[in-house]
Each structure stands twice: as structure tokens, then as C-alpha cells.
Amino acid sequence: MENAIFQIGPIRPPSEANSLLLRVTENCPWNKCKFCMLYKSERFHTRTVEDIKKDIDAMAMYQNKIKKYYQGETLDISSIQKEFDSLSTQKERECYYMVFRWMTEGDSQAIFLQDANTLVLKTQWLIEIVEYIRQKLPEIKRITSYGRADTLSKISQEQFYQLREAGLDRIHSGFETGSDTVLQLIGKGTTQQQQIEGGRKVKKAGIELSIYFMPGAGGKTFSHENAVETAKVINAINPDFVRLRTFVVKTGSLMEELVKEGNFIECSDIEKLLEIKTMLEHIEHCNGFLASDHIINLLQNVNGYLDKDLKKMLDYINTFLELPRKTQRKYQIARRMGFAGDWTMLNQLDMQHQYTIERYENTVPDGIKFETLLNQYMDYYI
């Protein structure tokens, strides 16, 4: 099988950064979310099972090529480089490199099914694809996919059981908010009831569920509702993971038009953090894991289980909120410039970052201008 290539989609969850990527559908079937610009110029397509199997075959072929260069635990990098250089097209080299990186640096037991809503595919087709992955890539231990809440609610319980039996292990779903008001505001096209119905079926089938919460998605007007209603959904489902994705109005998005029309007032950086605190304060009888696994979040160390670590996370947030405003601002700028530590590590900033932060502190005293500055940095991350 020479000159084999496979499609690679544009996005995956950060937690799937080290997974092999298999494109099952192209783009997004909904594509009306006002905060998202990723697929706006693209049309949605489902790929045929036959074409997807060819992609899996290509992945297995590259895997077998690379395996030949193992000498015990050692890999003959020189020979791999020669083979890589001999490939005739850039696309082949991209595919070869993805499989190589997945095998050597990534999670060689995980694969993620792209794009935005793979679960929209006919269940029997998806079962056939999952089973084929297990057959051709037997090392795979975790198969994961995106699935919209409305799609999950329409799949029967029996179909979820069949998907789990075939080998689907985890579903990521961008709930964003549990508030029907905010869902309508951001154009999500789903409802709280669909979230709860779909989420419960996924969990009942024994498939892991990872949902996303966007603090700030309701703006100042619906900030409290955004937090409380999201907690209501989490309490009703008890998902395995709740992943934080701080909301930012992206330049050029439909949300920016709402801002210009005066119909959306964005929360400040601290107000978004307060939403996370409020949401956590309303969690009851849940044991999933809260993950702040994206650079867009202000406090990356708000991580832990929603039962045993709940107090620890709230205490951590409160400690930051009690800091002098000058210290908070210094950390906010550092974080929005890509600093990966927390505020206790600010003394580890290099001199250039120290100088830049001090300059901004002295020249951007106004609250509105300060938030604008932070959002300019965050615009790069989403």
C-alpha cells in the first residue's frame, strides 16, 4: 500500500493532544454557535465507511513501517529519517510524522475521532468503524469522540450499549453552559434537558463523559445563572470530567456583533473566576474530575475531584481573590502572556516578562482598558 495518506482534521480536545487523529466526519453539522469561528466557511460532510477504513489501513501501514526500525527498545532514527525523506509528497510526510509522533511521544494507546460531532453518524456505521480500529490497531485502548448534546439525546440507550460494546470509551461534549437562556444567547442549538437526557444515557452505557463549561458565556447579565444552571446539569449527570474553557469574545465572531449592539457585556477576568467559584459551591453528590486544562483559564491549578477535592479548589480560588489587586493584576498579565505557573511562581518570570508586566501595570490603570489588554492576548488562544 504505497503512497497512502489519511485525512487530518483541524481540531481535537487538549486532552487528546497525544492521541492519533482519525477524521470520520468533516466540519460541524450545526455550525451556528456565535462564539465559534472554526467551521464557519466550511460545509459539513460525513465520510464513507469505506474511505475511513482506507485511512485506518494507511495508519496501520505507517505504524508497521516504523515498527521495523525498533531494535529492542531502541529506535533507528537515522533509517526512519531516510524513509521519511524518501516520501514523494508533503501529505505523506505529514501522515508519517503523525503516526511516528503518536508511537514515540504521544499516547500510543489512544485515538480520537474527528471532527466536531462524530456521533451524528449512523450508529451502525460508527460501530463498524470502531470495530475496524480495534482490528487493525489492536494496541488502541481508548477510542474517543466529540458529540453534541442534542445528538446524544437522540441516540437510544440500546445504541449506546452497542457503541460501548464495540469499543467506544469516551465522549467529549461541549455543553458550554447549563442555562437555557445562555444556550440560546450563544446560539448553541441545544437545551438543558437534552444535555441531561443525553449525558445520563452515555453514563448508563458505561462510556466516559467529558463535558465543557464556559464561565463568562452569559456575560454580566446572566453570570450567576450561567454558574448555577451549569451546576444543576453536572449534579443531574455526574460526568466523569468537567473541563473549564473560559469564555472570550473572539474578534470577528458573531458574539462580537452582540457586543457592538449592546446586547452582551463581557465579564471581567475576575468575574469569570467568580463564576467557577459559584458553580463549585452548588455542586452536590458528584465525584467526577474538574480539569482546568487550557491556557485560556486564569487559574490552571483549579483541578480535582468534585467530592474529595471540592473544598481545596474553593480555598485555592479564595486565596487568589484575597490577594492585593496589584498582585492579581501582575499575575493576570503574566498568565495571559502564556505563563504556565500560578501566582506563587511569579518570581520565576524572566527579566523581559517582568519588564513587560511592569510597563503594562504603569500604563494601563483603567479597568476597561486592562480587560481589553487581557482579551487581546486571549484572542490568540481560541
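Mentor: A cavity is a set of points on a 1 Å grid over the protein atoms alone where a 1.4 Å probe fits but cannot get out, and a lining residue has an atom within 4 Å of a point. The model here is predicted, so that local features need pLDDT of at least 70 and side-chain atom pairs count only at pLDDT 80 or more, while totals for chains, interfaces and linings use all residues. Residues are numbered from 1 along each chain as its sequence is written, and side-chain values use heavy atoms, with hydrogens and water left out.

Trainee: How much space lies in the largest cavity, and what is meant by its volume?

Mentor: The largest cavity holds about 70 Å³ of space, a volume being the space filled by probe spheres set on the grid points, which are joined across faces, edges and corners. The structure has 2 cavities of 30 Å³ or more, and the second largest holds about 50 Å³.

Trainee: Which residues line the largest cavity, and what makes them nonpolar, polar or charged?

Mentor: Among them are Leu 244, Asp 269, Lys 272, Ser 292 and Arg 336, and helix H11 (residues 269-281) gives the largest share, 4 residues. Ala, Val, Leu, Ile, Met, Phe, Trp, Tyr, Cys and Pro count as nonpolar, Asp, Glu, Lys and Arg as charged, and the others, Gly among them, as polar; the lining therefore divides into 6 nonpolar, 3 polar and 3 charged residues.

Trainee: Which elements give two or more residues to the lining of the second largest cavity?

Mentor: That lining includes Phe 175, Glu 176, Tyr 212 and Thr 230, and the elements in question are strand E8, strand E9 (208-213) and helix H9 (223-237). Helices (H or I, at least four residues) and strands (E, at least two) are DSSP runs, numbered from the N terminus.

Trainee: What makes a space a pocket rather than a cavity?

Mentor: A pocket is an open set of points, with protein on both sides within 12 Å along at least five of seven lines. The largest pocket has a volume of about 980 Å³, and of its 35 lining residues the closest to its centre are Ile 11, Phe 35, Cys 36, Tyr 146 and Glu 176. Strand E8 (residues 170-176) gives the most to this lining, with 4 residues, and the classes are 20 nonpolar, 7 polar and 8 charged.

Trainee: Why is the crossing of H1 and H3 called right-handed or left-handed?

Mentor: A crossing is left-handed if the near helix is turned anticlockwise from the far one by less than a right angle, and right-handed if clockwise; H1 passes H3 in a right-handed crossing. Helix H1 (residues 49-67) and helix H3 (residues 90-104) pack at about 65°, with their axes 9 Å apart, where axes are lines fitted to C-alpha atoms, for helices over the stretch in contact, and angles run from 0 to 180 degrees between N-to-C directions. Contact means heavy atoms within 4.5 Å, and the residues in contact include Met 59 and Tyr 62 of H1 and Tyr 96 and Phe 100 of H3.

Trainee: How do you know whether Thr 89 is buried, partly exposed or exposed?

Mentor: Buried means under 20% relative accessible area, exposed over 50% and partly exposed in between (1.4 Å probe, protein chains only); Thr 89 has 34%, and is therefore partly exposed. Thr 89 is in the loop between helix H2 (77-86) and H3, and its C-alpha atom is 9.6 Å from that of Ile 5, 84 residues apart along the chain.
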